[in-house]
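Me: I have a structure open on my screen and would love to walk through it with you. Could we take it one question at a time?

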Amino acid sequence: MECIFCKIIAGEIPAVKVLDEDLVLAFMDINPSSQGHMLVVPKKHTENIFEISDGDLAAITSAVRRCAKAAKEALKAEGVTILQLNGRASDQIVPHLHVHIMPRWENDGLSVSQWEMKPGNMEEIKDIARKVQEHLS
Ligand code: 5GP
Ligand code: ZN
């Protein structure tokens, strides 16, 4: 299996998980563009929005909304950017469908189309994941 997100789902490489359900996994992005940046993925390998089943898409959408709400509450975010890329031409790097959830604050300076890929502090990322989980209902 070549896919990095399938390896995370299979537990073969570590990730800071936020939500683990039958069809969906949410985990923290290792290069956070904003505090609390996380990814929501279908457990079944699917490359993009054109391939995913309606059932998996519904499960993803529900999980995205719950995680975004929990992150907004936990981090007192003023806004939340939700982003999903399809194909290299749209800057999709990992070919396993994923929805980015990026908590936002006024004047945070984040350029959503061109954020810097910079490794985050793992202790801080784990602490944020724990806070978000406390707000998941
Ligand atoms: P995209 O394909 O939407 O352009 O971006 C892929 C995202 O996956 C990036 O934000 C990147 O930081 C994240 N990512 C890539 N590899 C890993 C990994 O091994 N673990 C985690 N947690 N995130 C990853
Ligand atoms: Zn995959």
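Me: Happy to start with Thr46. Which residues does Thr46 touch, leaving out those up to four places away in sequence?
Reply: Glad to help, and please keep in mind that this is a predicted model. Thr46 sits in the loop that runs between strand S3 (38-42) and helix H2 (54-75). With residues up to four places away in sequence set aside, Thr46 touches Glu51, Ile52, Pro95, His96 and Leu97.

Me: Is Thr46 buried or exposed?
Reply: The cut-off for buried is under 20% relative accessible area. Thr46 has a relative accessible area of 4%, so Thr46 is buried.

Me: And which backbone oxygen does the side chain of Thr46 reach?
Reply: A polar contact needs N or O atoms within 3.5 Å. The side chain of Thr46 comes to 3.0 Å from its partner, the backbone oxygen of Lys44.

Me: Let's turn to aromatics. How are the rings of Phe5 and Phe27 arranged, stacked or edge-to-face?
Reply: Searching the whole structure turns up 1 aromatic pair. The ring centres of Phe5 and Phe27 are 5.3 Å apart and the planes meet at 75 degrees; planes over 60 degrees apart count as edge-to-face, so this pair is edge-to-face.

Me: How many residues apart are Phe5 and Phe27?
Reply: Phe5 belongs to helix H1 (residues 4-9) and Phe27 to strand S2 (residues 24-28), so the pair links distant parts of the chain. Both rings are in buried residues, with relative accessibility of 7% for Phe5 and 2% for Phe27. Along the chain, the separation of Phe5 and Phe27 is 22 residues.

Me: Now the ligand. Which residue has a polar side-chain atom 2.5 Å from an oxygen atom of ligand 1?
Reply: There are 17 residues around ligand 1, and those that come nearest are Asp29, Asn31, Ile93, His98 and His100. The side chain of Asn31 places an N or O atom 2.7 Å from an oxygen atom of the ligand, and a backbone N or O atom of Asp91 lies 2.8 Å from a ligand oxygen. The residue with the 2.5 Å distance is Asp29.

Me: How much of the area that ligand 1 exposes when taken alone does the protein bury?
Reply: Taken alone, ligand 1 exposes 520 Å². Of that area, the protein buries 91%.

Me: Last one: which element supplies the largest share of the shell around ligand 1?
Reply: By class, this shell holds 11 nonpolar, 4 polar and 2 charged residues. H1 and S2 each supply at least two of the shell residues. The largest share, 3 residues, comes from H1.

Conventions: Residues are numbered from 1 along each chain as its sequence is written. Chains are lettered from A and ligands numbered from 1 in the order in which they are written. This is a predicted model: local features need pLDDT of at least 70, side-chain atom pairs count only at pLDDT 80 or more; totals for chains, interfaces and linings use all residues. Side-chain values use heavy atoms; hydrogens and water are left out. Helices (H or I, at least four residues) and strands (E, at least two) are DSSP runs, numbered from the N terminus. Buried means under 20% relative accessible area, exposed over 50%, partly exposed in between (1.4 Å probe, protein chains only). A polar contact is a pair of N or O atoms within 3.5 Å; within protein, one must be able to donate a hydrogen and the other to accept it, and residues adjacent in sequence count only if both atoms are side-chain atoms. Contact means heavy atoms within 4.5 Å. Rings of Phe, Tyr and Trp (its six-membered ring) pair if their centres lie within 6.5 Å; planes under 30 degrees apart count as stacked, over 60 as edge-to-face and the rest as tilted. A residue is near a molecule or strand if one of its heavy atoms lies within 4 Å of it. Accessible areas come from the Shrake-Rupley method with a 1.4 Å probe; for residues, only the protein chains shown count as cover. Ala, Val, Leu, Ile, Met, Phe, Trp, Tyr, Cys and Pro count as nonpolar, Asp, Glu, Lys and Arg as charged, and the others, Gly among them, as polar.
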